[in-house]
Structure formats: C-alpha cells, structure tokens
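The following exercises are to be worked with the sequence and the coordinates at hand. Each task is followed by a solution in steps.

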Amino acid sequence: YPNPIADHFSVEYSVNTTGPVQINMYNMKGALVAKLASKVLSAGQYTDNFYLPSELSAGNYLLSIESASGVISKKLLVN
C-alpha cells in the first residue's frame, strides 16, 4: 500500500519456512524493471518499505515475492 503509488510503498507478507526471499518488479511484458530485495528470512510476518526507482514511468507493474513457499504477484499502478 498505497496503490496507486507515487514514490514509495510498503509490502506486508509472510514467509512459511526459512530461506531466500526475492522481491522484484516487472513490467506488464514480464521484463524485470527493479530488484527491490534479496535476503534470507526466517519464518514469520514482515513489512518492507521501498522507494520506486526514479527511471520508472507511470503505468502498471507486477510486484513479485518469491520464496521457498512459492511466488505471489500483485498488480501495482505507478502514477
């Protein structure tokens, strides 16, 4: 949240098992536009805050959270 995004946003997520977690943004064609986080986390609830890369133009993007438990993607609107 918030969505649409102006310059920064927060992501709340949970991790079921300890392991690597990657948070990335993709354009609607599936091309990687920003690597936001890559870390190893223990099982639990997390909130991360991110600033949008300055080179991103307004439009629709996908936020992807990848962990050992699977992949979750959410649509983001950047103003």
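How do the residues of the lining of the largest pocket divide into nonpolar, polar and charged? The model under study is predicted, and the values below are computed from it.

**Exercise 1. Characterise the largest pocket.**

Step 1. Begin with the volume: the largest pocket holds about 390 Å³ of space.

Step 2. Identify the lining. It consists of 22 residues, and those closest to the pocket centre are Val11, Glu12, Tyr13, Ile65 and Ile72.

Step 3. Assign the lining to elements. Strand 1, strand 5 and strand 6 each give two or more residues to it. The largest share, 7 residues, comes from strand 1.

Step 4. Sort the lining residues by class, which settles the opening question: 12 are nonpolar, 8 are polar and 2 are charged.

**Exercise 2. Determine the strand order of the open sheet and describe its pairings.**

Step 1. Establish the order. The open sheet has 4 strands, arranged 3-2-5-6 with antiparallel pairing.

Step 2. Locate the edges. Strand 3 and strand 6 are the edge strands, each of them pairing on one side only. From one strand to the next, the twist averages 15 degrees.

Step 3. Recall the chemistry of pairing: the strands of a sheet are held together by backbone hydrogen bonds, in a parallel or an antiparallel sense.

Step 4. Examine strand 2 with strand 3. These strands pair antiparallel over 8 bridges. Within this pairing, Asn24 has Lys35 of strand 3 as its bridge partner, and Gly19 has Leu41 of strand 3.

Step 5. Continue to strand 2 with strand 5. These antiparallel strands are joined by 6 bridges; Tyr26 has Leu62 of strand 5 as its bridge partner.

Step 6. Finish with strand 5 and strand 6. Their antiparallel pairing spans 9 bridges, and the bridge partner of Asn60 in strand 6 is Leu77.

**Exercise 3. Compare the connections within the sheet and place Met28.**

Step 1. Consider the hairpin of strand 2 and strand 3. It has 4 residues between the strands, and Gly30 takes a positive phi near 95 degrees there.

Step 2. Consider the hairpin from strand 5 to strand 6, where the connection runs through 2 residues.

Step 3. Place Met28: this residue lies in the loop between strand 2 and strand 3.

Step 4. Is Met28 buried, partly exposed or exposed? Its relative accessibility is 48%. The partly exposed class lies between the cut-offs of 20% and 50%, so Met28 counts as partly exposed.

Step 5. Relate Met28 to a distant point in the sequence. Ser67 is 39 residues away along the chain, and the C-alpha atoms of Met28 and Ser67 are separated by 21 Å.

**Exercise 4. Identify the largest nonpolar core and the strands that build it.**

Step 1. State its extent: the core has 20 residues.

Step 2. Name the residues with the most contacts inside the core, namely Phe9, Tyr13, Ile23, Met25, Leu36 and Leu63.

Step 3. Trace the core to its elements. At least two core residues are supplied by each of strand 1 (8-15), strand 2 (19-27), strand 3 (32-41), strand 5 (59-67) and strand 6 (70-78).

Step 4. Connect this result with Exercise 1. Tyr13 has a place among the residues with the most contacts inside the core, and Tyr13 is also one of the residues closest to the centre of the largest pocket.

Conventions:
Residues are numbered from 1 along each chain as its sequence is written. This is a predicted model: local features need pLDDT of at least 70, side-chain atom pairs count only at pLDDT 80 or more; totals for chains, interfaces and linings use all residues. Side-chain values use heavy atoms; hydrogens and water are left out. A nonpolar core is a set of buried Ala, Val, Leu, Ile, Met, Phe, Trp, Tyr and Cys residues joined through side-chain atoms within 4.5 Å. Buried means under 20% relative accessible area, exposed over 50%, partly exposed in between (1.4 Å probe, protein chains only). Two strands pair if DSSP finds at least two bridges between them. Axes are lines fitted to C-alpha atoms, for helices over the stretch in contact, and angles run from 0 to 180 degrees between N-to-C directions. On a 1 Å grid over the protein atoms alone, a cavity is a set of points where a 1.4 Å probe fits but cannot get out, and a pocket is an open set with protein on both sides within 12 Å along at least five of seven lines; lining residues have an atom within 4 Å of a point. Grid points are joined across faces, edges and corners, and a volume is the space filled by probe spheres set on the points. Ala, Val, Leu, Ile, Met, Phe, Trp, Tyr, Cys and Pro count as nonpolar, Asp, Glu, Lys and Arg as charged, and the others, Gly among them, as polar.
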